[in-house]
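Here is a walk through one structure, piece by piece. Have the sequence and the 3D view open as you read.

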Amino acid sequence: MEGKKFLMIPGPTPVPERVLLALARHPMGHRTKEFSHIFREVTDRLAWLHQTQGDVLTLATSGTGAMEAALINLLSPGDRVLCLVNGKFSERWAKICLAYGMHVETISAPAGSAIDPKEVAEALRADTERTYRAVVVTHSETSTGVLNDLETIAGLAQEHGRALTIVDAVTSLGAVSVPMDQWGLDAIASGSQKAYMIPPGLGFVAMSARAWTAQKESRTPKFYLDLAKYRKSLQDDTTPFTPAIGLVLAVHESLKMLHDEGLDALFARHERLRQGVRAGVRALKLTPFVQDEKAASPSITAVATPNADKIRSHINKHYDIALAGGQDDLSGKIFRIGHLGFVSERDILSALAALEGTMRALGQDDFSHGAGVGAALQAMADH
Ligand SMILES: *Cc1c(COP(=O)(O)O)cnc(C)c1O
């Protein structure tokens, strides 16, 4: 039906009306008091969301730009970097490091499994000369729906003493607690089209005090993404280059919404959605790709089935719900349900009802009517 499409892909995510209205405003000058006032509030709220006393910088880039900024500001060519790879986005980290001539070593886990912190511990403890400069990790691996044990991994890097912890929190920040200061994270990259509930175009980098010290030492060439420039401008509540003004107005509005909801409620909502989706999918005799409950992302659930693409196209055509497919090797083998950002219980129930209708239409109907919705209702009521 015209205009009815609902996005349940892991970004871009649905945008609330309040935010769309903010986007409809005329752009204001970015060297004005009015803009600076808004930018200050945005920056303060970003620190709140990251649970940090440190700086959070707003860039006009996609999430990958924020990842690249974090790396090139903290590291130098030749630095020894431990990249934890268990999917397409964590592979991207390694690719960026290689593009800048860093010395990459990887610890990997199969798609659908979390990185084993024991392997990280071994690698770091074996490094008695303290030559690792960073551990680079993707908190929520969007390609598979795995949530890595960031707290433990960051603790190991702290124990090592020299390795910085650089994190992709693109689909975890705003969905699950990422207490930057408490866990000792040094740089966190995120992007606007995920749990921030606004369209793509803003990248964010949060920096610890240790990260700023490393920034001064970094020899990697940089200009637009030189974070020292952004930090300096922040003193005047502005940006060094023309910001994406419309998107800043949008995130100002969406951060207000997140703040009104409160961190605990925000995380509890995503946890409920995760439980609801997993229970519903199982009741429809489908298998969540991530088996280990502890490693299941609160933002995205991948479902393993040889019918993945048929299911996706049927649900899109008949129910106007867009789901994501598998990437690379997982193409055609999984579909992914995004449930981060502006998503409520109602959306999960509709998606599961549509999934049931789709499965029946495809002749896979070995379950009672309403099985998925019923199981999700129960799981969400329990949380
Ligand atoms: C979406 C996403 C990114 C950012 O991708 P862009 O297309 O550059 O915005 C990075 N990491 C993860 C885990 C993501 O889900």
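## Around the ligand

An oxygen atom of the ligand sits 2.9 Å from a polar backbone atom of Gly-63. Such a polar contact is a pair of N or O atoms within 3.5 Å; within protein, one atom must be able to donate a hydrogen and the other to accept it, and residues adjacent in sequence count only if both atoms are side-chain atoms. The protein covers 87% of the 390 Å² of accessible area that the ligand has on its own. Those areas come from the Shrake-Rupley method with a 1.4 Å probe, and for residues only the protein chains shown count as cover. Two side chains also join in: Asp-168 puts an N or O atom 2.5 Å from a nitrogen atom of the ligand, and Gln-193 has a polar side-chain atom 2.8 Å from an oxygen atom of the ligand.

Two elements give two or more residues to the shell around the ligand, namely α3 (63–74) and α4 (88–99). The largest share, 3 residues, comes from α3. There are 14 residues around the ligand, and Ser-62, Thr-64, Thr-142, Asp-168 and Lys-194 come nearest; a residue is near a molecule or strand if one of its heavy atoms lies within 4 Å of it. Sorted by class, the shell holds 3 nonpolar, 8 polar and 3 charged residues. Here Ala, Val, Leu, Ile, Met, Phe, Trp, Tyr, Cys and Pro count as nonpolar, Asp, Glu, Lys and Arg as charged, and the others, Gly among them, as polar.

## How to read the model

This is a predicted model, where local features need pLDDT of at least 70 and side-chain atom pairs count only at pLDDT 80 or more, while totals for chains, interfaces and linings use all residues. Residues are numbered from 1 along each chain as its sequence is written, and side-chain values use heavy atoms, with hydrogens and water left out.

## Asn-73 in helix α3

Back to helix α3, which is also where you'll find Asn-73. Helices (H or I, at least four residues) and strands (E, at least two) are DSSP runs, numbered from the N terminus. Is Asn-73 buried or exposed? Asn-73 counts as buried because its relative accessibility is 0%. The scale goes like this: buried means under 20% relative accessible area, exposed over 50%, and partly exposed in between (1.4 Å probe, protein chains only).

The side chain of Asn-73 reaches the backbone nitrogen of Leu-227 at 2.9 Å. Setting aside neighbours within four places in sequence, Asn-73 is in contact (heavy atoms within 4.5 Å) with several residues, including Ala-214, Gln-215, Lys-222 and Leu-227.

## Helices α2 and α13

Helix α2 covers residues 33–50, and Ser-36 is part of it. With 18 residues at 1.5 Å a residue, α2 should span 26 Å, and its end C-alpha atoms are indeed 26 Å apart. The expected span is 1.5 Å times one less than the number of residues in the helix. Among the buried residues of α2 are Phe-35, Ser-36, Ile-38 and Phe-39. Ser-36 earns that label because its relative accessibility is 17%. Beyond four places in sequence, Ser-36 is in contact with Asp-236, Asp-237 and Thr-238.

Helix α13 (residues 345–361) tells a similar story about length: its 17 residues should span 24 Å, and the end C-alpha atoms are 24 Å apart, which agrees. Its buried residues include Asp-347, Ile-348, Leu-352 and Met-359. What do the buried residues of α13 pack against? They pack against β1 (6–8), α11 (263–283), α12 (308–319), β13 (321–325), β14 (334–338) and α14 (371–381).

## Backbone oddities

Most residues other than glycine have a negative phi, and most peptide bonds are trans. Asp-237 isn't a glycine, yet has a positive phi of about 55 degrees; look for Asp-237 in the loop between α9 (227–234) and α10 (245–261). Asp-320, also not a glycine, has a positive phi of about 55 degrees too, and is found in the loop between α12 and β13. Asp-320 is buried, with a relative accessible area of 14%.

Just after α2, Gln-51 takes a positive phi of about 55 degrees. Then there's the cis peptide bond joining Gly-11 and Pro-12, with omega about 0 degrees. Pro-12 lies in the loop between β1 and α1 (17–23).
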